[in-house]
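Biologist: Hey, got a minute to walk me through a protein? I'll pull it up here.

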Amino acid sequence: MNVRQLRISRRSVAIATALVGMVSLAIGAHAALNKRSLDAAKAIATEQNSDSARKTSRLALVIGNGHYPDASAPLAQPINDAHGLSAALRGNGFDVDVVEDATRDDMARAIGRLKGKIGPDTVVMLFFGGYGVQVGRESFMIPVDAAIWKEADVRRDGVSVESVLDAMMEQGAKAKLVVLDASRRNPYERRFRSFSHGLAPISPPENTIVLSAATPGKVADDSRGQYSVLVAELLNNLTAQAGAESAFNKTRVAISRASEGEQVPSVSSSLLEDVRIGG
């Protein structure tokens, strides 16, 4: 091999080596780019899934109290109401905690569990069926183990609706929905010197709606059906209506008309926009 051929051979090797290096760099860059794109896609998907989970976070605490030792007979409907409403809410994507014949400790623990799940984008519903008592300007849900002989006992043994709403607010709940089927003539009223029937007016905090079985200070009689009048009509409207405000208001109107004004449920709302719960 002469000198000229040797130079050509070395040049060819150099060129080939350079080409191999360039191809390797190109392949490496392409692989890195693909990996970054894949990682970015995964991150976006994770974030979207997380956002979706937050946006669809729906919680409900459903309490049905029927067996009160001080009552002449058990209340059959609150337990049925709790079962029926829980099934409907689960069908609409709610994480439901159901408590039946709850003592004060049971209610406190259930409220604690609820608080632990609430986030900034959570829609929260509270349902209480049983006996309710107003003291001053507050409405109290009465547990089955309450020992009530005077108004001070209600504050000691009852659970204030307003205190539960405050807990939801503290946890940053996006929207609060409250259904109170507790406007019954209760077995404690004869023990008080002065007594106010039904429940007290509830001023809803921001982005809250409250549905009660009767107007403040009034009581409602139980029907003979499987569910109470309030829950039976509410279940119909949760199926037919997409939003809480429309469902609650249609429930109020339907019961008022059917009873010819004898029972007029109360709706108080400070919702900034309607909250989708059914439909």
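Biologist: Let's start with one residue: is Asp101 buried or partly exposed?

Modeller: Keep in mind that this is a predicted model. Asp101 has a relative accessibility of 25%, so it counts as partly exposed, since buried would need under 20%.

Biologist: Okay, and where does Asp101 lie?

Modeller: In the loop between β2 (95-100) and α3 (104-117). Asp101 also has a positive phi of about 45°, although it isn't a glycine.

Biologist: Which other residue that isn't glycine has a positive phi?

Modeller: Asn207 has one, with phi near 60°. Asn207 lies in the loop between β7 (175-181) and β8 (208-212).

Biologist: And is Asn207 buried or exposed?

Modeller: Buried, because its relative accessible area is 11% and the cut-off is under 20%.

Biologist: Zooming out now. How many helices and strands are there in the protein?

Modeller: Seven helices and nine strands. The protein has 279 residues, and 43% of them count as buried.

Biologist: What order do the strands of the open sheet come in?

Modeller: The order is β2-β1-β3-β7-β8-β9, six strands with mixed pairing. The edges are β2 and β9 (266-269), each of which pairs on one side only. On average, neighbouring strands in this sheet are turned by 10° against each other, ignoring direction.

Biologist: Let's pick one pair, then. How many bridges join β3 to β7?

Modeller: Seven, and the two strands run parallel. β3 covers residues 123-129. As an example, Val123 has Ala175 in β7 as its bridge partner.

Biologist: Which strands does helix α7 lie across?

Modeller: Helix α7 (residues 244-258) lies across β3, β7, β8 and β9. Against β8, helix α7 runs at about 20°.

Biologist: Now helices against helices. At what angle do α2 and α6 cross?

Modeller: Roughly 10°, with their axes coming within 10 Å. Angles under 35 degrees count as roughly parallel, so α2 is roughly parallel to α6.

Biologist: Which residues meet there?

Modeller: From α2 (residues 77-91), you've got Asp81, Gly84, Leu85 and Ala88. They meet Val231, Leu234, Leu235 and Leu238 in α6. The residues of this contact divide into six nonpolar, one polar and one charged.

Biologist: Last one: how much area does the protein expose?

Modeller: About 14600 Å², and carbon and sulfur atoms supply 53% of it.

Note on methods: Residues numbered from 1 in each chain as written. Predicted model: local features only at pLDDT ≥ 70, side-chain atom pairs only at ≥ 80, totals over all residues. Heavy atoms only, no water. Axes fitted to C-alpha atoms, helices over the stretch in contact; angles between N-to-C directions. Helix = DSSP H or I, 4+ residues; strand = E, 2+ residues; numbered from the N terminus. Parallel < 35°, antiparallel > 145°, perpendicular 65-115°, else oblique. Contact = heavy atoms within 4.5 Å. Nonpolar A, V, L, I, M, F, W, Y, C, P; charged D, E, K, R; others polar. Buried < 20%, exposed > 50% of the residue type's maximum accessible area, 1.4 Å probe, protein only. Areas by Shrake-Rupley, 256 points an atom, 1.4 Å probe, with all protein chains shown as cover. Pairing = 2+ DSSP bridges.
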